[in-house]
There are 2 protein chains.
Amino acid sequence: MKRITIRDVAKQANVSIGTASRVINGAPNVEAAYRTRVLAAIKTLGFVPNRAAQEVRKGRSREIGIIVRDITTPVLASFVRAAQDLFEEAGYGLLICSSDNRKDRELELLRRFRQRRIEGLITTTSSEVDTDLAQARNDLDFPVLMFDREVDGAHDIVQVDHASGVNQAVTYLLSLGHRRILLSTGPLNIYPARARVEGYKRAFAAQRLDVDPALVRTAGFDAATGFRETAVALERANRPSAIIAGGIDMLPGVLKAIRATHLHVPRDISVIGGADSDLALLAEPAISVLRWNFTEIGATCARMLLERIEAADTEPRRLAFAPELVVRDSCAAVVIAPAQKRESRQK
Amino acid sequence: MKRITIRDVAKQANVSIGTASRVINGAPNVEAAYRTRVLAAIKTLGFVPNRAAQEVRKGRSREIGIIVRDITTPVLASFVRAAQDLFEEAGYGLLICSSDNRKDRELELLRRFRQRRIEGLITTTSSEVDTDLAQARNDLDFPVLMFDREVDGAHDIVQVDHASGVNQAVTYLLSLGHRRILLSTGPLNIYPARARVEGYKRAFAAQRLDVDPALVRTAGFDAATGFRETAVALERANRPSAIIAGGIDMLPGVLKAIRATHLHVPRDISVIGGADSDLALLAEPAISVLRWNFTEIGATCARMLLERIEAADTEPRRLAFAPELVVRDSCAAVVIAPAQKRESRQK
DNA sequence: ATGAAAGCGCTAACAG
DNA sequence: CTGTTAGCGCTTTCAT
């Protein structure tokens with residue numbers, strides 16, 4: 001089965017290759033009779049232009065890359081979808097990849113994107129301090145928009161204001177009388193974890209309360225870590241009275257661990273989720289969460305990157321979106337004297 | 001910023017373009033001294049071969065395409081990941097796209113894949129009977145593996161045995177005394193919906209019971225439809241005593257609708273989910289589900305497609321995987337006399 | 001083992 | 001408006 005090329009089309013339509021090409025690319029200056037003949041030839045032969053050849057010749061790919069940690073996370077999907085809509089409208093295709101938060105995979109994806117000569121990249125990174133990754137990013141000859149990270153280099157940056165989010169959550173819990181609040185989040189070499197810890201400390205400081213460093217855990221963002229951290233914390237004699245899931249998809253892990261201890265939410269333990277989800281909404285009781293408008297954020301990223309592609313040498317920009325605390329039924333007021341807490345469990 | 005090409009590398013290393021190319025492609029017959037010089041040049045110049053040019057010249061893309069309805073669905077993500085692992089190992093890249101179950105988008109994706117000259121495709125389809133889609137699929141000049149669909153054409157087919165799954169679910173519910181069982185699933189122009197309905201009827205027939213056609217709903221697979229169908233059904237005087245979510249991600253919608261009516265699971269209404277999820281596991285009570293090994297299925301699809309690429313003219317094959325009913329706490333035995341049911345609601 | 005040169009499928013510049 | 005032709009970046013003969 002021989003591949004049909006533009007040459008076959010030209011021959012079939014009895015025109016030159018150039019004319020065939022013009023028709024394919026919708027050039028205006030083609031006589032109607034020729035155009036119809038070429039179109040007919042395309043149809044009968046079932047010709048589809050070879051994209052790779054077009055890219056080589058045109059010297060540009062009209063593709064944008066995007067790297068997320070895990071496309072499965074529904075909020076990230078809405079982020080990607082919003083960005084995709086804008087890119088398609090602007091004539092760009094979108095290559096979507098998951099890094100699984102692994103350095104080797106991230107490097108591999110950057111390499112492939114270079115090979116593909118993409119014209120822009122929206123990405124997070126598994127580490128802000130890793131020199132290999134920083135090197136690989138700086139070797140890129142297309143603009144990079146950093147999402148929710150804090151890195152050196154001339155990148156545009158769009159972030160979620162996690163400090164504000166966790167600050168709202170902790171302030172709320174403190175007002176309910178909670179003092180032992182577990183924050184489980186990712187490693188401090190990544191901005192969202194640092195910001196959450198900062199927001200946590202700020203909220204305590206505002207009330208002139210001390211932070212128990214043992215309650216600030218930075219082991220990882222994923223659900224499995226959420227499970228482990230929660231399980232360990234709940235087994236301790238002086239267990240926390242509230243937990244903040246400091247990651248976008250940690251909530252399942254946290255809830256599984258709580259379930260395993262037979263503690264009751266919110267009577268025995270209050271919970272605030274790191275992002276909204278069906279699970280948070282449908283859990284019994286419904287879980288209070290920090291929520292962002294990911295669709296808006298995705299659209300903004302796309303817009304900024306498109307502008308950057310147009311104007312490569314303007315100043316890098318930086319933007320932050322503040323989350324909103326959605327109060328549902330997963331946080332209860334707590335008796336102030338710590339000794340009482342154990343009793344309330346019996347009730 | 002000038003793009004560096006293999007020509008620059010050759011010049012820098014003082015070798016011919018051919019030699020540079022041989023080094024880049026790891027050809028064995030290059031003298032060590034030349035090789036090191038080329039490698040050094042590549043490094044200092046930061047050269048990365050242009051993938052599009054390679055594809056044009058080699059006449060093949062070494063890419064596989066995959067179209068799923070919605071990559072967000074976690075089970076589909078594990079399906080894709082398993083397939084991806086095998087493809088990468090075999091030297092193929094994977095282009096992952098969501099069709100959103102929309103015909104226009106599906107056609108557009110097929111068109112793009114043709115332009116990209118992919119060498120194989122794993123896909124579902126939004127309609128098995130649509131002639132445009134069938135036409136577009138048959139115009140493809142690379143092998144297509146149909147996932148969970150029933151279409152004409154010389155495609156390999158891998159399916160989930162939904163008939164068996166729903167049959168298990170209904171048989172189980174009948175054994176608990178349920179008679180009014182709502183099955184909410186997708187339109188009958190798609191295999192998984194047809195198969196589920198068939199499994200439903202078979203289970204009733206096996207007990208010599210009649211099916212109430214009003215309880216077999218085929219409006220759609222998505223969560224929003226699950227919500228609507230459930231809400232409507234629960235408002236009727238003679239409401240069902242059990243609901244089967246006949247779709248991979250319908251459960252959130254079903255549960256939301258139940259929540260809105262203040263009915264209690266499983267006392268007032270029993271529920272079986274169409275696929276396993278964190279939500280099913282963590283809901284209160286935990287939801288019984290039909291479960292498949294999506295990782296295994298994804299790997300199988302990849303393997304079959306790779307074999308098909310090797311041997312284009314062997315007989316198309318067909319495979320089905322049976323789901324397993326995972327019993328949790330969302331189904332209760334029901335009092336047989338229908339009149340009693342309303343009372344139990346007050347209790 | 002290496003270099004020169006042809007050419008993959010296509011677009012665009014040029015001449016007519 | 002159309003045809004001819006150079007050449008995008010690369011791989012792969014074909015000589016040497």
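Rings of Phe, Tyr and Trp, the last taken by its six-membered ring, pair if their centres lie within 6.5 Å. In this predicted model, the count by that rule comes to nine aromatic pairs over all chains.

**View 1. Phe79(A) and Phe294(A) form an edge-to-face pair.** The ring centres are 6.3 Å apart and the planes stand at 70°, over the 60 degrees that edge-to-face requires, so the pair is classed as edge-to-face. The pair links distant parts of the chain, 215 residues apart: Phe79(A) belongs to helix H5 (residues 74-89) of chain A, and Phe294(A) to helix H13 (residues 294-310) of chain A. Phe79(A) is buried at 1% relative accessibility, and Phe294(A) is buried at 4%. Together with Phe147(A) and Trp292(A), these two residues form one aromatic cluster.

**View 2. An arginine lies over a tyrosine face in chain A and in chain B.** Arg62(A) is placed over the face of Tyr92(A), 4.8 Å from the ring centre. In chain B, Arg62(B) lies over the face of Tyr92(B), at 4.8 Å from the ring centre.

**View 3. Phosphate oxygens of DNA strand C approach polar atoms of chain A.** A polar backbone atom of Ile6(A) is 2.4 Å from a phosphate oxygen, and one of Asn50(A) is 2.9 Å from a phosphate oxygen. For Asn25(A), an N or O atom in the side chain is 3.1 Å from a phosphate oxygen.

**View 4. The protein surface near DNA strand C comprises 25 residues.** Those that come nearest are Ile6(A), Arg57(A), Thr19(B), Glu31(B) and Arg57(B). The surface residues divide into nine nonpolar, nine polar and seven charged. Of the strand atoms within 4 Å of the protein, 64% belong to sugar or phosphate and the rest to bases.

Key:
Residues numbered from 1 in each chain as written. Chains lettered and ligands numbered in written order. Predicted model: local features only at pLDDT ≥ 70, side-chain atom pairs only at ≥ 80, totals over all residues. Heavy atoms only, no water. Phe/Tyr/Trp six-rings, centres within 6.5 Å; stacked < 30°, edge-to-face > 60°. Helix = DSSP H or I, 4+ residues; strand = E, 2+ residues; numbered from the N terminus. Buried < 20%, exposed > 50% of the residue type's maximum accessible area, 1.4 Å probe, protein only. Lys NZ or Arg CZ within 6 Å of the ring centre and 35° of its normal. Near = heavy atom within 4 Å. Polar contact = N/O pair within 3.5 Å; in protein donor to acceptor, adjacent residues only side chain to side chain. Nonpolar A, V, L, I, M, F, W, Y, C, P; charged D, E, K, R; others polar.
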